[in-house]
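Good morning, and thank you for coming. Please look first at the sequence and the structure, and then I shall take you through selected parts of them.

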Amino acid sequence: MAESRKALVTGGAGFIGSQLVDRLLSEGFHVAIIDDLTAGKIQNLNTSASFYHTDIAHSSVDEIFSREQPDVVFHLAARVSVTHSAQNPLDNAEVNIIGTLKLLEAARRIGVDKFIFSSTGGAIYGNPEENPCTELTPADPISPYGLSKLVAENYIKLYHRLYRLNYANLRYGNVYGPRQDPYGEAGVIAIFIQAMRDGHRPRIFGDGTQERDFIYVDDIVEANIKAIDSGHNRTMNIGSGEGTSVNRLFELLKADLHFHQEADHRPRRPGEVHQISLDCSAAQEHLNWAPQVSLEEGLLKTVEYYGSEIAPSRRLA
């Protein structure tokens with residue numbers, strides 16, 4: 001059934017988006033990518049997909065939708081740094097809110113079957129009173145990034161009410177795995193691995209007791225694929241269901257990498273959530289989805305990837 005279907009992936013040169021593109025192509029989809037390469041990388045692009053080097057808020061988006069006529073839109077392009085959003089809230093809103101609205105208008109105009117949005121479970125709930133969070137946990141973001149994702153979700157739901165545009169809002173935990181940028185601000189696992197491989201002490205902001213819900217990228221891709229034909233017009237958490245402290249994460253990676261130094265603790269950064277984990281019962285019910293890769297297995301896979309893909313600047317002692 002997928003042979004004649006067309007998918008458009010925003011952020012398709014990025015860490016998650018590029019792996020979703022690979023999967024869609026393997027499933028027989030025709031795929032087009034929109035990416036401005038701010039965070040995405042040329043080497044992540046699958047040459048079997050059409051590529052448009054532009055910003056999602058640019059006027060060229062209308063022309064791209066008219067030319068490609070996608071059946072399904074996967075919207076992953078975003079400013080994802082919490083720190084950047086606090087320092088540059090206007091830029092964050094321009095991309096994450098106005099860019100999303102631009103895509104919704106184009107999708108409405110050509111009659112897209114499904115709009116699948118990569119949202120955040122890690123930032124929308126703020127510092128919840130109870131964990132794990134369900135989708136009924138009050139949304140209370142404490143950063144412009146989290147707020148921008150919530151506003152985008154609400155625009156998507158409004159477009160369903162007004163124009164019957166079908167959607168799925170997928171609220172991710174902290175996604176990790178191959179192709180994540182180890183030199184960015186987001187993506188603590190990739191950053192830790194690269195620092196240790198370079199012989200540097202990883203930085204932990206705060207005391208390290210803060211907890212995140214870490215989810216392997218293959219599980220995220222699978223949730224997106226399942227959302228094509230199920231989970232219509234729902235908002236669903238996509239995570240492991242468990243909180244893992246940054247200190248425990250560091251200890252696991254120390255063992256995997258045979259690293260013998262201690263972490264470099266720095267002051268806590270503003271706008272960061274202290275404790276979050278996601279109840280994913282709704283995704284299990286409506287997508288028939290559940291995470292398949294344990295944290296220990298996922299960390300080993302990620303360590304192996306960076307071991308082969310990135311040469312360390314010097315050996316560990």
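**Salt bridges and helix packing**

I begin with R179, which counts as partly exposed, at 25% relative accessibility. Please bear in mind throughout that this is a predicted model.

Which residue does R179 meet in a salt bridge? The partner is D22, and the N to O distance between the two side chains is 2.9 Å. R179 sits in the loop between β7 (174–176) and α7 (188–197), while D22 belongs to helix α1 (residues 15–26), so this pair ties together parts that are 157 residues apart in sequence. D22 is itself partly exposed, its relative accessible area being 25%.

In general terms, side chains of opposite charge can pair when their charged atoms come close. A search of the whole structure finds 15 salt bridges, and I shall discuss two others.

The next pair is E222 and R23, whose closest N and O atoms are 2.8 Å apart. E222 lies in helix α8 (residues 217–227) and R23 in helix α1, so here the parts tied together are 199 residues apart in sequence. Both residues are described as partly exposed: E222 has a relative accessibility of 24%, and R23 has one of 23%.

The third pair is R109 with D62, where the side chains meet at 3.8 Å, N to O. This salt bridge links distant parts of the chain, with R109 in helix α4 and D62 in helix α2, 47 residues apart. R109 is partly exposed at a relative accessible area of 42%, and D62 is also in the partly exposed class, at 27%.

Which residues are joined into one network by salt bridges that share partners? They are R23, E27, E222 and K226.

Let me stay with K226 for a moment. This residue lies in helix α8 and is partly exposed, with a relative accessible area of 25%. Leaving aside residues up to four places away in sequence, K226 touches L287, N288 and W289. As a point of orientation, the C-alpha atoms of K226 and P144 are separated by 30 Å, and the two residues are 82 residues apart along the chain.

I turn now to helix α2, which covers residues 60–68. Which of its residues are buried? They are S60, V61, I64, F65 and E68. Why do they lie on the same side of α2? They cover an arc of only 140° around the axis, and this puts them on one and the same side of the helix.

That buried set packs against several elements: the strands β1 (6–10), β2 (30–34), β3 (50–52) and β4 (72–75), together with helix α4 (89–110). Just after α2 comes Q69, which takes a positive phi of about 50°.

The packing of α2 with α4 can be described in more detail. The two helices pack at an angle of about 35°, and their axes are 9 Å apart. Is their crossing left-handed or right-handed? The crossing of α2 and α4 is right-handed. On the α2 side, the contact is made by V61, D62, F65 and S66; on the α4 side, by K102, L103, A106, A107, R109 and I110. Sorted by class, this contact has six nonpolar, one polar and three charged residues. D62 and R109, which appear on the two sides of the contact, are the pair that meets in the salt bridge at 3.8 Å.

Next, helix α7. Eight of its 10 residues are buried, so α7 is largely enclosed by the rest of the structure. The buried residues are I189, A190, F192, I193, Q194, A195, M196 and R197. After α7 comes G199, with a positive phi near 80°.

My last residue is E153, found in helix α6 (residues 144–163). Is E153 buried or exposed? E153 is buried, because its relative accessible area is 0%, and buried means under 20%. Which residues does E153 touch, not counting those up to four places away in sequence? They are F117, S119, I124, N169, R171 and T235.

To close, I return to the salt bridges: R179 with D22 ties together parts that are 157 residues apart in sequence, and E222 with R23 does so for parts 199 residues apart. Thank you for your attention.

Terms used. Residues numbered from 1 in each chain as written. Predicted model: local features only at pLDDT ≥ 70, side-chain atom pairs only at ≥ 80, totals over all residues. Heavy atoms only, no water. Buried < 20%, exposed > 50% of the residue type's maximum accessible area, 1.4 Å probe, protein only. Helix = DSSP H or I, 4+ residues; strand = E, 2+ residues; numbered from the N terminus. Arc of directions from axis to C-beta. Contact = heavy atoms within 4.5 Å. Salt bridge = Lys/Arg side-chain N within 4 Å of Asp/Glu carboxyl O. Axes fitted to C-alpha atoms, helices over the stretch in contact; angles between N-to-C directions. Left-handed = near helix turned anticlockwise from the far one by under 90°. Nonpolar A, V, L, I, M, F, W, Y, C, P; charged D, E, K, R; others polar.
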